[in-house]
Amino acid sequence: MADMTVQREFADQKLVIIGGGPGGYEAALVAASLGADVTVVEEQGMGGSAVLTDVVPSKTLIASADTMNRFASARDLGVHVGDDLDATEELNNLRVDLDKVNVRLLRLAATQSRDIKRGLERVGVRVVPGRGKIVDRYTVVVEPGDDEPYELKADVVLVSVGAHPRELDTAKPDGERIFNWKQIYQLTEIPEKLIVVGSGVTGAEFASAYNGLGSEVTLISSREQVLPGSDTDAAQVLENVFERRGLRVLSRSRADAVENTGDGVRVTLSDGRKIRGSHCLLAVGSIPNTADMGLEEAGVAMTESGHIRVDTVSRTTAPGIYAAGDCTGVMPLASVAAMQGRIAVAHILGDTVHPLRTDEVASNIFTSPEIASVGITQQDVEADPAMFTGMTMNLATNPRAKMMAVDDGFVKIFARRGSGTVMGGVVVGPRASELIFPIALAVTHRLGVDDLSDTFAVYPSLSGTIAEAARRLHVHR
């Protein structure tokens, strides 16, 4: 009876969501299930860039590269490709049809977008095409392309408009030789010599993927290591793998300009060096899609970078206006965007609200090997060794890893001294995105290392290393 009362109370709420990415469509699903009148305004297609041009297509591309990488250890497993068992090149009969790979990934992205739209309409959400702008806290103007703009009245507005690739004035993507991460799927053949500018998550993932697909890759990093801000040991493992696979990393190097030379590209570094390749991918960050939306005029505070300032329950500084996703600059993860959207709806409804805790967010970098993390970091442990401790176990000692010919990777668990409460962890290895879950579960629910170690792990399994690392953190009482 109480649930029905809540639904009746919320049924009068008109919620207009600008942006149909993970933050927008997840919020819409929750709000509609509670009886709200929900309208989603989306310019590109449901799912936003996460589904259409970012997460779904890039991870599908990476899945193809993973298949190639798995064949790299085929001979160690006694598997030969082709008729000649003495062949020195075990991949001699394997090749990648990039055109088919890209057709497949774009088809998957379009299908996922349609499925999201149908799912929303099934629960009564109104989906309208166009660009949304805020006139005031009660009014959203929709600009539907060639048609006349019209107004939507709202009790509450949620802004979830995402971000787009950042560009350099001296390195403009042309979709022919120079690409950003939205255009890269226009390639029909594997680049002979791909130069990737930017060694953050996006740059490292694409560099790893195209290296696996057969490109000769050069990664230009302005920092000392790839993946700045990530676990140093994890970044070192990845750099070692890159070197072994022939992927060249130019650390402490900054790209000043990129030119299309007609038959290739020329990248000029800040120290005057010139690097030549066949193609270039720019992965130099993103810019929120918040310009010319009327946000500041409506009282919404913005950062200098154009992100929307929000609190832990997704409120902006303007009453009745919430925001979620990459446009907030909190964490550029689809999972965080979705959680922000759900939290916003709970707060609007007056339901039980669990504010966003970024220290509980599990994230993954889809390089080969993958790098997953949650909770506190190695730097936190080193900064306060009296409070925290940690344990690292290399996957090379794991029996399942040996069977799979996996040499690279490790499991780290961080715990609070005395209580043994699990505070964080890092996993580097195949399917780290799956292996991080038990550690994330422990962090979220304040479980101890004994809770992990006393749970049966399959033998043999990669997850057995998680249990073993926890076991070595046991505090005798």
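How much space lies in the largest cavity? About 30 Å³. Keep in mind that this is a predicted model. The count comes to one cavity of 30 Å³ or more. A cavity here is a space where a 1.4 Å probe fits but cannot get out.

Start with the walls of the largest cavity. Its lining includes Ile 62, Ala 65, Asp 66 and Asn 69. Glu 205, Ser 208 and Ala 209 also line the cavity. So do Phe 366, Thr 367 and Ser 368. Two helices stand out in this lining: α4 and α6 (201–213) each supply at least two residues. Helix α4 gives the most, with four residues. What is the mix of classes in the lining of the largest cavity? There are four nonpolar, four polar and two charged residues.

Now move to the second largest pocket. A pocket, unlike a cavity, is an open set of points. About 730 Å³ of space lies in this one. It is lined by 26 residues. The closest to its centre are Asn 69, Arg 245, Ala 405, Val 406 and Pro 430. By class, the pocket lining has nine nonpolar, seven polar and ten charged residues.

Which helix gives the most to the lining of the second largest pocket? Helix α4, residues 55–71, does so with three residues. Look back at the cavity, where α4 also gives the most to the lining. Asn 69 is another link between the two spaces. This residue lines the largest cavity, and Asn 69 is also among the residues closest to the centre of the second largest pocket.

Terms used. Residues are numbered from 1 along each chain as its sequence is written. This is a predicted model: local features need pLDDT of at least 70, side-chain atom pairs count only at pLDDT 80 or more; totals for chains, interfaces and linings use all residues. Side-chain values use heavy atoms; hydrogens and water are left out. On a 1 Å grid over the protein atoms alone, a cavity is a set of points where a 1.4 Å probe fits but cannot get out, and a pocket is an open set with protein on both sides within 12 Å along at least five of seven lines; lining residues have an atom within 4 Å of a point. Grid points are joined across faces, edges and corners, and a volume is the space filled by probe spheres set on the points. Ala, Val, Leu, Ile, Met, Phe, Trp, Tyr, Cys and Pro count as nonpolar, Asp, Glu, Lys and Arg as charged, and the others, Gly among them, as polar.
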